[in-house]
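Here's a quick walk through one protein chain, starting from the outside and ending up in its pocket. Have the model open as you read.

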Amino acid sequence: MSTIFHPLLALIASVTDRELARYVEFLKEENKILRSRVPGQVHTKPHERERLLTLGKQLGRAIDSLLTIVSPSTF
């Protein structure tokens, strides 16, 4: 699984902040579209929550603008 992330990390390291902002905006919109196709609530599994918490804590308060399946207060 970690070998999948190495090319992604190399890509991220090579782009500018403006490009990263566009990537994030695209991924946020893509997530909105996918969520609109899933009926009801999206429930995460414990290991998925742990991964999200680990990654989200590194972002600090910036995570508030990215959260979509939980509220900032429950994160």
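## Surface and burial

This is a predicted model, and its protein chain shows about 6600 Å² of accessible surface, with carbon and sulfur atoms accounting for 62% of that. Not much gets tucked away by the 20% cut-off on relative accessible area: of the 75 residues in the chain, 5% are buried.

As for charge, you'll find 11 positive and 8 negative side chains, and the centres of these two sets sit 4 Å apart.

## Overall build

What does the secondary structure come to? Three helices and zero strands, so to speak an α-α-α pattern when you read along the sequence. Lay the chain along its principal axes and the C-alpha atoms fill a box of roughly 40 × 25 × 25 Å.

## The largest pocket

Now for the empty space. The largest pocket has a volume of about 1600 Å³. It is lined by 34 residues, and those closest to its centre are Asn31, Leu52, Leu55, Leu59 and Leu66.

Which helix gives the most to this lining? That's helix 2, with nine residues. Helix 1 (2-13), helix 2 (17-36) and helix 3 (46-57) each put in at least two residues. By residue class, the lining of the largest pocket splits into 23 nonpolar, six charged and five polar.

Notes:
Residues numbered from 1 in each chain as written. Predicted model: local features only at pLDDT ≥ 70, side-chain atom pairs only at ≥ 80, totals over all residues. Heavy atoms only, no water. 1 Å grid on protein atoms, 1.4 Å probe; cavity = no way out; pocket = protein on both sides within 12 Å on 5 of 7 lines; lining within 4 Å. Points joined across faces, edges and corners; volume = space filled by probe spheres on them. Helix = DSSP H or I, 4+ residues; strand = E, 2+ residues; numbered from the N terminus. Nonpolar A, V, L, I, M, F, W, Y, C, P; charged D, E, K, R; others polar. Buried < 20%, exposed > 50% of the residue type's maximum accessible area, 1.4 Å probe, protein only. Areas by Shrake-Rupley, 256 points an atom, 1.4 Å probe, with all protein chains shown as cover. Lys, Arg positive; Asp, Glu negative; His and termini not counted. Charge placed at Lys NZ, Arg CZ, Asp CG, Glu CD.
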